[in-house]
Amino acid sequence: MVLHSAAHSRRQLLKAALGGAVGIALGATVREAAAASAQSAPTNILPLADDLFVVRIPGEANVVAHTGAGGALLVDGATAGASDALMNAVSRLPGGGPVHTIFNTHWHAEQTGSNERLGTAGATIIAQENTRLWLTTDVTWPWNGRRFTRAPKSAQPNKTFYTTGELASGVRYGYIPDAAHTDGDLYVHFPKQNVLVVGDAVSGEGWPVVDYATGGWIGGIVGGLQRLQTLADAQTRIVPGRGPVLGLADLKAQADMYATIYDRLTQLLNKGRGPGEAVAAQPTKEFDAKMGNPDEFVRRAFESLWGYLSPDA
Ligand SMILES: [Zn+2]
């Protein structure tokens, strides 16, 4: 975990502005926060700069909020069930205001749950074109039968792109075409703050989800990690969809690990093995102590090869 900041004093100021600290519910008194944490952990705000924050609602994916004169820009919007809590937290950020822009790093419900309210309110919803397409159709995940119905028009991205783009504020964004997690993954780069937000293309917390139903695959995890390293330097803070803020060395270590696993899985595929045999072969065994039970990941990663490497694909 890298929490580099050149502006230590700025962080101190922020801590004061946040009413006591990182880790205490925004705007709440200490007593209220203590009461709240007795029921459920409070929303946690991690400042990355004086105008850039990671908003962490327990159980939800990371949301990054950039505040400025015109209001707030978000990268991802939590689930619909957490949208009220998210908007509440964002409105209380230093310099916070109405959300004028939201990026969807990909189409999943954990990222797009605030689209409808924000789209209805006139916000710009930016996504890679493939993400918009997934949100305009019904999707069923074959591995668990979970079904997602298409988003209403107001919740669909209203500004899409294919490769890269830049906002007037200097915020840059781009497609991660490797299909690390889905085939619509994007990153958002805040050059001034040296922060790179990468959604679920990178997992900061255990084995990743490989959504091969919408294009993701294990080869894309490796490719995405290699590509994202070219956008970062040793001081860049990298915010994944889940888990703590990462650094360049973390991306490199992950890229090496997934390349090893990718090689082993492709060898198994080429020998005609199936997903159950891939799990039994323990292709992740030296990483499991750190990463946790790999069985679901290995099965899904192996199945993801079919769409890309099978002779009849
Ligand atoms: Zn996802």
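**Notebook: helix packing, one strand residue, salt bridges**

I began with helix α7, which passes α8 in a left-handed crossing. The model I am reading is a predicted one.

**Entry 1. α7 against α8**

I looked up the geometry of the pair. Helix α7 covers residues 218-229, and its axis lies 9 Å from that of α8. The angle between them is about 155 degrees. Angles over 145 degrees count as roughly antiparallel, so α7 is roughly antiparallel to α8.

Next I listed the residues that touch. From α7 I noted Ile218, Gly219, Ile221, Val222, Leu225, Gln226, Leu228 and Gln229. From α8 I noted Leu248, Leu251, Lys252, Gln254, Ala255, Tyr258, Ala259 and Tyr262. Sorted by class, the contact of α7 with α8 has 11 nonpolar, four polar and one charged residues.

**Entry 2. α8 against α11**

I then followed α8 to helix α11, residues 295-309. Their axes come within 10 Å and cross at roughly 65 degrees. That makes α8 roughly perpendicular to α11. The crossing of α8 past α11 is right-handed.

Which residues make this contact? On the α8 side I found Tyr258, Ile261, Tyr262, Leu265, Thr266, Leu268 and Leu269. On the α11 side I found Phe297, Val298, Ala301, Phe302, Leu305, Trp306 and Leu309. The class count for α8 with α11 is 13 nonpolar, one polar and no charged residues.

I also noted that Tyr258 and Tyr262 of α8 appear in the contact with α7 and in the contact with α11.

**Entry 3. The chain as a whole**

I stepped back for the totals. The chain has 11 helices and 14 strands. It runs to 313 residues, of which 52% count as buried. I looked at contacts between residues at least 6 apart in sequence: 62% of them join residues at least 24 apart.

**Entry 4. Phe190**

I picked one strand residue to check. Phe190 sits in strand β12, residues 186-190. Is Phe190 buried or exposed? Its relative accessible area is 0%, so Phe190 is buried.

I looked up what surrounds it, setting aside neighbours within four places in sequence. Phe190 is in contact with Leu52, Val64, His66, Leu73, Val75, Val171, Val195 and Val197. I also checked Tyr173. The C-alpha atoms of Phe190 and Tyr173 are 8.6 Å apart, with their positions 17 residues apart in sequence.

**Entry 5. Salt bridges**

How many salt bridges does the structure hold? I get 10. I went through some of them.

Glu286 pairs with Arg264, with the closest N and O atoms 3.0 Å apart. Glu286 lies in the loop between α9 (275-280) and α10 (288-291), while Arg264 is in helix α8, residues 248-270. The pair therefore ties together parts that are 22 residues apart in sequence. Glu286 is partly exposed at 46% relative accessible area. Arg264 is partly exposed too, at 28%.

Asp138 and Arg147 meet through their side chains at 3.3 Å, N to O. Asp138 is partly exposed, with 30% relative accessibility. Arg147 reaches 54% and counts as exposed.

Arg172 bridges to Glu166, with 4.0 Å between the closest N and O atoms. Arg172 is partly exposed, at 39% relative accessibility.

Back to the Glu286 and Arg264 pair for a last look: Arg264 is partly exposed, at 28%. Elsewhere, salt bridges that share partners join Asp138, Arg147 and Arg150 into one network.

Conventions
Residues are numbered from 1 along each chain as its sequence is written. This is a predicted model: local features need pLDDT of at least 70, side-chain atom pairs count only at pLDDT 80 or more; totals for chains, interfaces and linings use all residues. Side-chain values use heavy atoms; hydrogens and water are left out. Buried means under 20% relative accessible area, exposed over 50%, partly exposed in between (1.4 Å probe, protein chains only). Helices (H or I, at least four residues) and strands (E, at least two) are DSSP runs, numbered from the N terminus. Axes are lines fitted to C-alpha atoms, for helices over the stretch in contact, and angles run from 0 to 180 degrees between N-to-C directions. Angles under 35 degrees count as roughly parallel, over 145 as roughly antiparallel, 65 to 115 as roughly perpendicular and the rest as oblique. A crossing is left-handed if the near helix is turned anticlockwise from the far one by less than a right angle, and right-handed if clockwise. Contact means heavy atoms within 4.5 Å. Ala, Val, Leu, Ile, Met, Phe, Trp, Tyr, Cys and Pro count as nonpolar, Asp, Glu, Lys and Arg as charged, and the others, Gly among them, as polar.
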